[in-house]
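User: I'd like to learn how to read helix packing and burial in a model. Could you walk me through one?

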Amino acid sequence: MKALALFSGGLDSMLAIKLITSQGIEVKAININIGFGATSDKSELMAKRAALAGASFEVIDVRNEYLQKVLFNPQYGYGKHFNPCIDCHAFMFKTALAMLKSENASFIITGEVLGQRPMSQRSDAMAKVKKLALDEEDLILRPMCAKNLPLTKPEREGWVDRDKLENISGRSRKRQLELAAKFGFEDFESPGGGCLLTLESFAKKIRDFIEFDKDMEVNDAQLLKYGRHLRLPNGAKMIVGRNELENELLRNLKTDKYEEIKLGDLIGAYSLLSQNADEKDLELALKIALTYAKTQSDKEYQVGFKDKIYTSKAYENKESVSEFFIS
């Protein structure tokens with residue numbers, strides 16, 4: 001018997017896997033990458049945590065499909081910000097269910113706990129997820145709270161011993177910590193949202209983007225994760241790196257919608273500007289780029305954009321730029 005586990009790398013999903021592997025069932029942990037998780041690559045750490053629970057691990061990249069099918073037209077709407085949690089969970093389950101045959105697996109498990117999250121882990125929300133995911137055979141098992149839920153096929157058929165599953169509910173972590181100690185898990189994250197779509201600041205960036213550009217692609221979404229994002233008076237978008245790591249990430253994610261502002265020999269932040277920026281926005285962007293470089297405000301510098309060289313000065317202080325911040 002084999003199961004696929006939706007895996008976030010958190011304690012709940014580690015424990016869910018352990019409850020199943022402890023019954024002699026093979027588990028493959030899959031992390032469904034929708035593009036709005038952690039800003040850093042945690043795949044190596046997640047693989048290590050999956051192995052601790054006795055599972056193999058793979059990242060499944062569905063970023064483009066998620067943008068096309070889920071983010072902008074969720075059947076069950078959004079949470080507090082831009083988070084279509086019910087549709088998102090259903091999409092992940094549907095993805096995993098479609099993998100069962102190729103993986104020679106029989107059912108799906110997840111670390112969800114009834115009542116832990118207000119948007120997606122209520123009984124009614126789980127029923128909506130089941131319907132939207134087309135789980136007609138009851139193949140989704142939640143080992144952490146199974147005894148609080150109706151029987152699933154893995155339990156009815158005797159693939160899994162229901163008596164060895166849990167009945168956790170609510171937001172208390174007491175039972176999870178007891179199980180972690182029992183299984184010897186010491187390397188796990190504190191519980192948290194983890195999804196950028198639940199953050200007000202990130203939701204503002206998405207809303208700003210779609211106001212000016214209806215065609216969000218994978219790299220557009222990834223660019224929203226890094227740097228200072230500015231909307232200039234005539235509509236141009238500017239992104240300015242905040243540190244060397246972000247500079248490199250922005251450099252690698254650059255799309256044909258943007259052009260780099262080239263600082264020549266100056267040391268400063270990596271800056272991108274909409275390739276169709278008009279003269280006034282370009283003039284302003286050059287000043288901003290110089291403001292985030294090692295420059296003197298009373299001195300003129302030569303800056304490059306689209307193979308042309310311009311002369312500009314920096315602002316006297318960075319506070320002058322704050323009015324253009326999106327978030």
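Analyst: Happy to. Let's begin with an idea we need for packing: axes are lines fitted to C-alpha atoms, for helices over the stretch in contact, and angles run from 0 to 180 degrees between N-to-C directions. Keep in mind that this is a predicted model. Here, helix 4 and helix 5 (residues 123–132) pack at about 45°, and their axes are 8 Å apart.

User: What do you call an arrangement like that of helix 4 and helix 5, and which hand does the crossing have?

Analyst: Angles under 35 degrees count as roughly parallel and 65 to 115 as roughly perpendicular. Helix 4 and helix 5 are therefore oblique to each other. Their crossing is right-handed.

User: Which residues of helix 4 and helix 5 meet?

Analyst: Start with the general idea: an α-helix has 3.6 residues a turn, so residues three or four places apart point the same way. In this case helix 4 brings Ile86, Asp87, His89, Ala90, Phe93 and Lys94, while helix 5 brings Ala125, Lys128, Val129 and Leu132. Sorted by class, the contact of helix 4 with helix 5 has six nonpolar residues, one polar and three charged.

User: What about helix 4 on its own: how many residues does it have, and how far does it reach?

Analyst: A handy check is to set the end-to-end distance against 1.5 Å a residue. Helix 4 covers residues 85–103, 19 residues in total, and goes 26 Å from first C-alpha to last, close to the expected 27 Å. Right after helix 4 comes asparagine 104, with a positive phi near 55°.

User: How many residues of helix 4 are buried?

Analyst: For burial, the cut-off is under 20% relative accessible area. Helix 4 has 15 of its 19 residues buried, so the rest of the structure largely encloses it. For the backdrop, buried residues are 50% of the 327 in the protein chain.

User: Can we zoom in on one residue? Is glutamate 103 buried or exposed?

Analyst: Glutamate 103 belongs to helix 4. Its relative accessible area is 16%, so glutamate 103 counts as buried. Setting aside neighbours within four places in sequence, glutamate 103 contacts Lys2, Leu4, Lys28 and Glu58.

User: And a residue in a loop, say glycine 170: where does it lie, and what does it touch?

Analyst: Glycine 170 sits in the loop between helix 6 (153–156) and helix 7 (174–183). With 22% relative accessibility, glycine 170 is classed as partly exposed. Not counting residues up to four places away in sequence, glycine 170 touches Val113, Leu114, Gly115 and Gln116. For a sense of distance, the C-alpha atoms of glycine 170 and leucine 253 are 40 Å from each other, with the two positions 83 residues apart along the chain.

User: Helix 7 came up there. At what angle do helix 1 and helix 7 pack?

Analyst: Use the recipe from before. Helix 1 (residues 11–21) packs with helix 7 at about 55°, the axes being 10 Å apart. That makes helix 1 oblique to helix 7. The crossing of helix 1 with helix 7 is left-handed. Leu11, Asp12, Leu15, Lys18 and Leu19 make the contact from helix 1, and Gln176, Leu177, Leu179, Ala180 and Phe183 from helix 7. By class, the contact holds seven nonpolar, one polar and two charged residues.

User: Stepping back, how many helices and strands does the protein chain have, and what does its C-alpha trace span?

Analyst: The protein chain has eleven helices and eleven strands. Its C-alpha trace spans about 75 × 40 × 35 Å along the principal axes. Among contacts in the protein chain with a separation of 6 or more, 63% are between residues 24 or more positions apart.

How values were computed
Residues numbered from 1 in each chain as written. Predicted model: local features only at pLDDT ≥ 70, side-chain atom pairs only at ≥ 80, totals over all residues. Heavy atoms only, no water. Helix = DSSP H or I, 4+ residues; strand = E, 2+ residues; numbered from the N terminus. Expected span 1.5 Å × (residues − 1). Buried < 20%, exposed > 50% of the residue type's maximum accessible area, 1.4 Å probe, protein only. Contact = heavy atoms within 4.5 Å. Parallel < 35°, antiparallel > 145°, perpendicular 65-115°, else oblique. Left-handed = near helix turned anticlockwise from the far one by under 90°. Nonpolar A, V, L, I, M, F, W, Y, C, P; charged D, E, K, R; others polar.
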